[in-house]
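Got the viewer up? Let's take a walk through the model, one selection at a time.

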Amino acid sequence: MQFGLSESQQMLKDNARKFFAGECPMDEVRRLMETDTAYDAALWAKMTEQGYTGIIFPEEYGGVGLGKVELILLMEEAGRALLPGPFFSTVALAGAAIDIVATPEQKKKYLVPICSGEARSTVAMLEASASWDPIDAQMALVKGRLTGEKLFVPDAAVANSIIVVARRGVFAVDARAPGISIKPMEGMDLTRKLYSVRFNNTPAERLGNAAGLARGLDVATAALVAEMVGGMQRTLDKTVEYAKMRKQFGKPIGSFQAVQHQCADMYLETESARSVAYYAAWALEENTLDAAVAVSIAKMYASDACRAVGNRGIQIHGGMGFTWESDLHLYYRRTKASETAFGDATFHRERIARLVIDAGTVSAKSA
Amino acid sequence: MDLNLTAEERQFRDDLRAWLEVNVPKDWGEWREKPIEVSFPYLRAWQRKLHEGGWAAVSWPKVYGGRGASLMQQAILWEEMARAEAPPMANALGLGLIGPTIIAYGTEEQKKRFIPKILSAEEIWCQGFSEPNAGSDLASLQTEARLDGDHYVVNGQKVWTSYGWVGNWCELVVRTDANAPKHKGLTVLLVDMKSPGFEVRPLRQMTGESEFHELFFRDVRVPAENVLGKVNDGWNVAVSTLMYERGPYGARLHLLFKRNINRLIEISRTFLRNGHPAAQDPLIRQKIAQCYAEIEIMRLNQLRAFGRVTETGVPGPEGSIQKVFWSELNQRVQQVAQELLGPYGQLLSGDSHAIDKGIWSYGYLRSRGNTIEAGTSEVQRNIIGHFVLGLPRSY
């Protein structure tokens, strides 16, 4: 039993950190966030070269065939860099869902171009009710076609295919298919663009077995938690650096316990979120009995902790933290979007309650 | 990263499980509720049995009576002990904190003299660290030891000593150089508690029990060969003990917490709230789920920390997050228990209406001490701030 990373896992993480620091530094993040889509073809090509777009997909579809732990490590570094654009949507969300749900022919059709860097994808799930429970989707396939509106679809404008969660099925839609209209939704997070996607009698292809969808969403959720952990770590690092350097009353503010203890809490929250993010990834990879609970624990904890870390980080930066110039608010904005994505802490506490209280599997003896 | 048991770990677990099945006393349930003064000989006998089976201190080196087991195997042992509903070991501080410190800093003679009797529970150990005027600022302690020939003569007072009433030996931190800076004038002595001038008095705590004691020293003579580590290097020796206390020692607690939350889940299914089982109340569900999740995170933090200790060999200052996490979490869990139980939560063990023989009223009161004992939450946050994050000292 070893919780630590293997040598190759550590190397992947270190390389990812170097790659994002070199190819997507903060001035590039700021440039991309001012664009319509936050997508950059040149950056995407370089990420493809690294194997990132195919990281978890089987080699027969052009992927690298690594596991969920490796995905989580990559997402953590992407989160640290505040990587803009459709990487999460394409690989951790749509790609993971296709990988689990689709038939082999469909995987060939949709995963191969993702791995090769030619295509991007996303998942359209929420409707006006904004429920993260797939069972609440009202949109239904009628005679092979979809009609209706999906909201909060990440990166839809640069997606080649859109995976649609509908009643009694998961469907793939060509983003250029007739009847599709994609409009931006202006969200707080400037680095991951959201869209409303309207379908009007749009042809759709049913993907294999929709029963796997929940597991696909769990992979995406764990990946998002890892991305949050990376952002938390970056916020903590910047804040500690600032608290050492900024002087008031003739001393570094980091020497005051009111400041220092908040930094200690940021550390505790970041490390705890990391522990459970890694565990959730491993549980998904190993398909353990508690994998779904682990994902919910991870998202529950990270949703609250990520916000707390952002709050403390900006507070400790004082007036500087409230400026547009400071990078902290860019992370803070991403945090708010991520906090609600795939269910906030309240949503996941209820899911944990269903799994551990209602399922009746818990007894005091099984400690 | 691989949390599956290795073949070796599985073998370890299976051997232990088989041993426990045969050896765990069947009557522990009856003894469990008795006062510790009554059950202590029982716990000593149990530890002796564990030691004879080679299970008392598995992570210690083989030459000192351990199995050279990894911390992961140590964690497996605690889990298996909980699973088998085994009694705790009598010499908890000797095995968990002081033994490892003696192994790290002691001379060969000291190891030969003390380690076997720690393992067999023949000699129970306590810590003499805190003083009335030296709590969080431990290094300012005043108990002094003056060299007189080949003995140190100790005068002063210690407080908050667990197992004081039954202790045979004490890991005592004393000031040996009053002129040196406060961290540089301390020495650790291993003191026989039967020495003339050594007095132990119970300290009654807010729960009503006397789990802790005060120690008084009046011209207590300690042979100079009982210095642990180097003279005036006692701070490093003491910190080594404290790191075991904050890190690995807390690791078994998640099993107790898990037992508590599982019991609360059971209770929530039968206790009514607004005419329905509390388990259906949305707010109670949220609170139980939060506790359940955090107890799991506590376990995972510890497993990850074990991985790091395995790499570096010793627990480090990051163990302070475990201490903060478990102590504050237990207070939240106990509060949720109180909310769930309503007016029943306050009932003491002697009351015929008490739920679970009053463990929840006791647990609530006892948990207040968690954020104070073994280094307050404030001190732990200072440690994280200064030693882990590299912020300037705040004091």
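How many residues lie between strand 3 and strand 4 of chain A in their hairpin, and which residue in the turn has a positive phi? Two residues separate the strands, and Arg168(A) is the one with the positive phi, about 55 degrees.

Before you go on, some housekeeping. This is a predicted model, where local features need pLDDT of at least 70 and side-chain atom pairs count only at pLDDT 80 or more, while totals for chains, interfaces and linings use all residues. Residues are numbered from 1 along each chain as its sequence is written, with chains lettered from A and ligands numbered from 1 in the order in which they are written.

**Stop 1: the sheet.** Select 161-166 and 169-174 of chain A: these are strands 3 and 4, antiparallel over six bridges. (Strands are DSSP E runs of at least two residues, helices H or I runs of at least four, numbered from the N terminus; two strands pair if DSSP finds at least two bridges between them.) Click Ser161(A) and you'll find its bridge partner, Asp174(A); Val165(A) is matched with Val170(A). Now add strand 7: it runs antiparallel to strand 4 over two bridges, with Phe171(A) bridged to Arg206(A). Zoom out and you have an open, four-stranded sheet with mixed pairing, in the order 1-3-4-7. Its edges are strand 1 (121-124) and strand 7 (205-206), each pairing on one side only.

**Stop 2: the core.** Next, pick Ala222(A), Ala277(A) and Ala280(A), which touch the most other members of the 233-residue largest nonpolar core. (Such a core is a set of buried Ala, Val, Leu, Ile, Met, Phe, Trp, Tyr and Cys residues joined through C-beta atoms within 7 Å; buried means 20 or more other C-beta atoms within 10 Å of the residue's own, placed from the backbone.) Leaving out residues up to four places away in sequence, Ala280(A) touches Ala222(A), Val225(A), Ala294(A), Val295(A) and Ala298(A). (Contact means C-beta atoms, placed from the backbone, within 7 Å.)

**Stop 3: helix 9.** Select 291-321 of chain A. Centre on Gln315(A), where there's a kink of about 60 degrees (the angle between axes fitted to the seven residues ending there and the seven starting there). The end C-alpha atoms span only 38 Å, against 45 Å for a straight helix of 31 residues (1.5 Å times one less than the number of residues). Helix 9 is largely enclosed by the rest of the structure, because 22 of its 31 residues are buried.

**Stop 4: chain B.** Finally, show the contact: 44 residues from chain A and 46 from chain B. Helix 8 of chain A gives the largest share of chain A's side, 14 residues.

Methods
A residue is buried if 20 or more other C-beta atoms lie within 10 Å of its own, exposed if 12 or fewer, and partly exposed in between; C-beta atoms are placed from the backbone. Two residues are in contact if their C-beta atoms, placed from the backbone, lie within 7 Å.
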